[in-house]
Amino acid sequence: MTLTEQQLEVISNRPFKDTLDHIREKLRDCNEVDDLRQEDIASLLGALVASPAAFSFPSADGNGSVAVRLLSILKHIRGGGGKSELFLPLVRRVIARAPDIDIWEAVFTIIESLDALTPPSSIAPTFKGTPVKPSSSRLGDSETRDVVEGELFFEIRDCTFRHVGGFWDKFFDSKRWRNEQRAMLRALMKAHNGKRWTEFPNPSHEQPVWEWLQALERDYLVDARHKLRTTKSAHQFEERKGQMDLFFQPASSRAKESFRYKDVLVVGEQKKSDDKSRFKSDLLQLTRHVRSVFADQPTRRFVHAFTLCASVMELWVFDRSGPYSSGTFNVHEEPDKFARALVGYATMDDDAMGLDTFIERKGGSRSITLDDTNGGTSRIQLMNPMVRQKAVVCRGTTCFMTRGKQVAKFSWASDKRELEYKQLKLAEERGVQGVAKAVAYRQITTIADLRKDLVFPDRHRFRNDVLIDESSSATASTGSSSQKRKSSSDVASDDTSEPKRRRSNRIKSSRLQTVSQQLSSSKKKPSLYSTGEDPWDNRIYVCLVVSPAGRVISDFGSIKELLEAMRDAIRAHQSLLVTGNILHRDISSNNIIITNPETADCFKGMLIDLDLAKVTDAGPSGARHRTGTMQFMAVEVLRQADHTYRHDLESFFYVLLWMCARESWSKPWLSRGGHPPKSSLLRKWEIGSFKEIASTKMGHMTVNSMEDIMGEFPEALDVVKPLCLRIRKILFPLDREERMNFGTPAGEPDQLYKPIITAYDESISDI
């Protein structure tokens with residue numbers, strides 16, 4: 001194949017060097033197809049993903065990068081798929097130490113060959129709504145680090161800011177500190193001799209730096225409320241793997257052999273050298289740990305973090321709209337900043353640390369005070385979490401069962417959308433049945449409040465990443481400009497060779513210009529409410545209590561209960577659409593609950609979570625993105641089509657298949673001693689780009705592939721297979737050319753609701 005000028009430039013600027021050396025030894029005897037093993041191909045693909053150029057090549061559809069496409073192929077290979085002969089030319093070139101151009105030509109040929117096997121779409125959907133954004137919440141704790149960090153990059157790549165004005169005054173202003181904090185700061189500064197920190201190790205390997213920090217803590221921060229910790233292995237966190245270089249936790253949590261992410265207050269990464277080419281990988285490593293902190297502290301408002309690379313430090317704050325930083329500084333040249341950071345992290349109160357000060361804790365119980373629908377207030381006691389979202393830039397949805405048998409839901413909703421509380425009240429006013437009712441509500445805070453007094457420059461542009469700026473179409477199309485030209489944030493944060501005074505003056509000038517631009521634009525419209533002009537997404541943190549309570553659909557206790565709950569949830573969706581004129585748009589296993597019909601208007605299953613719902617005749621919300629659960633999204637939605645009721649019905653079908661093929665194996669009464677497949681076909685609904693997952697689902701909806709999927713059901717669920725085949729035929733009818741139709745039919749919605757509900761009724765009767 002012929003490489004483009006853009007691809008050639010990336011190859012020239014980002015050579016393999018020694019990246020593939022370690023893999024050649026494994027491949028040296030693989031000159032024939034019979035010699036190739038799947039683990040060898042997987043190892044080679046993993047090395048290619050880790051190569052300097054992989055994330056710099058855009059994928060053919062513009063949705064992700066070649067690295068993401070290679071990750072998808074890697075998962076396919078690990079799952080037992082792929083033809084070995086397709087990879088032989090690439091393997092031979094790697095063994096022969098062929099030029100980088102020849103190796104990448106072989107890689108692109110493989111990708112093109114696999115894309116050619118993808119079944120074509122029979123539709124050309126239009127898109128006028130809010131684009132869907134991927135979220136790492138689809139990934140489980142068992143996922144490999146490279147897969148998780150690849151997903152996290154798509155969360156943060158267009159919402160990362162460095163050298164944020166006002167950062168130090170907001171979080172580390174020693175003028176507002178208590179006397180004991182200022183005393184610690186004065187004492188700590190004695191360890192600096194005017195030129196450098198005494199005893200700072202050189203070279204700055206991890207263990208000597210850790211011992212130096214321990215000595216500072218022991219000598220100057222002995223009475224601090226938070227203590228520094230480090231891990232020695234990836235198995236020291238109880239809940240999931242993770243080796244964190246440095247972190248703060250409450251002093252009351254004693255140092256021990258194992259740690260918990262719910263005790264982590266500040267996340268830190270320490271490197272022995274200041275390698276600027278590793279900025280993105282270091283940030284993603286930091287983000288991966290922050291993701292785990294948010295997962296185990298789901299109501300936390302924001303998380304502090306930092307990197308210390310040799311003597312260069314950068315402080316970060318992560319909230320649900322992304323990460324932003326102080327910018328880099330040298331700890332020897334600006335010792336007051338290092339000292340303020342160390343004392344600040346060690347002494348911050350709960351509010352400054354971003355903890356959930358709105359939940360009241362007393363005697364082991366948790367409660368929150370809300371406004372109820374009658375104009376008064378209600379004190380709601382919270383039980384254990386039912387649902388929590390494992391991602392950083394997301395709605396952070398967390399649901400608790402309450403002592404009053406209701407559900408309390410915490411969520412960071414976009415300020416561009418109608419709040420769920422209003423959507424539920426509207427549905428109730430219009431007589432919708434089968435949808436949970438709002439009982440109490442409280443707005444806790446907003447991202448705008450959390451970021452008050454901060455001045456944001458242009459978002460950080462990740463180097464050699466052509467996907468960095470969708471608004472710069474000329475740059476994106478040529479590719480070369482984005483790689484050669486630095487943004488102002490790159491120059492300010494990366495060029496430490498520039499004289500300090502000149503760099504400082506230039507940074508101040510850049511900030512003043514940014515402030516002027518923001519003030520100028522604010523005279524026209526408030527930037528937080530002008531579509532497309534926001535530097536970041538403003539989100540509103542709310543707590544909403546709904547009734548009745550229920551169990552998530554994955555907790556079904558019998559086959560009949562599963563089918564009845566699914567059927568009634570579809571009935572609820574029909575009522576929401578037809579009676580309420582509201583489309584749900586986020587059908588997933590977390591948003592369907594099993595209910596007691598005596599307390600739920602005779603519904604055995606109901607719908608919750610109207611965060612993404614919209615009145616059907618309303619225009620675009622103006623929100624930048626909406627996130628959904630990838631494995632349940634309809635094919636056309638993944639292809640950015642306008643969302644219709646039929647897409648939600650398709651999502652209901654995917655939930656049913658998921659319950660039968662994945663969730664059922666955790667139930668001994670269903671599995672009966674059997675074992676799930678080592679690699680489920682539905683695993684391919686979770687990993688990859690939108691286009692790849694859409695193509696996979698299209699292929700899975702054929703009769704033959706559907707039978708393969710149903711082959712993963714426990715034997716006890718054979719009774720559900722006829723229902724699955726029947727719904728498949730209703731949702732994906734054949735057109736005149738005998739191709740499956742994934743589009744929404746013209747006419748009344750009843751033409752799909754009625755046969756699907758009837759199919760459920762008859763299947764339940766058969767059971």
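A residue counts as buried when its relative accessible area is under 20%. The model used in these exercises is predicted.

**Exercise 1. How many residues of helix H11 are buried, and how does the distance between its end C-alpha atoms agree with the expected span?**

Step 1. Helix H11 covers residues 279-296, which makes 18 residues.
Step 2. Of these 18, 17 are buried, so by the under 20% cut-off H11 is mostly covered.
Step 3. At 1.5 Å a residue, H11 should span 26 Å.
Step 4. The end C-alpha atoms of H11 are 26 Å apart, so the two values agree.

**Exercise 2. Is Arg451 buried or exposed?** **Place Arg451 and name its contacts**.

Step 1. Find Arg451 in the loop that runs between helix H15 (447-450) and helix H16 (473-478).
Step 2. The relative accessible area of Arg451 is 2%. The cut-off for buried is under 20%, so Arg451 is buried.
Step 3. Set aside neighbours within four places in sequence. Arg451 then touches Lys170, Asp319, Ser321, Gly322, Tyr324, Phe456 and Trp536.

**Exercise 3. Which residues have the most contacts inside the largest nonpolar core, and which helix gives the most to this core?**

Step 1. The largest nonpolar core holds 94 residues, and Leu656 and Met701 have the most contacts inside it.
Step 2. Helix H22 (residues 645-661) gives the most to this core: twelve residues.
Step 3. Domain 3 (358-463 + 538-549) and domain 4 (552-766) each supply at least three residues to this core.
Step 4. A second, separate core has 65 residues, including Val164, Leu185, Ile444 and Ala448.
Step 5. Return to Met701. Beyond four places in sequence, its contacts include Phe653, Tyr654, Leu657, Trp685 and Arg728.

Key. Residues numbered from 1 in each chain as written. Predicted model: local features only at pLDDT ≥ 70, side-chain atom pairs only at ≥ 80, totals over all residues. Heavy atoms only, no water. Core = buried A, V, L, I, M, F, W, Y, C linked by side-chain atoms within 4.5 Å. Buried < 20%, exposed > 50% of the residue type's maximum accessible area, 1.4 Å probe, protein only. Helix = DSSP H or I, 4+ residues; strand = E, 2+ residues; numbered from the N terminus. Domains from an automatic or database assignment. Contact = heavy atoms within 4.5 Å. Expected span 1.5 Å × (residues − 1).
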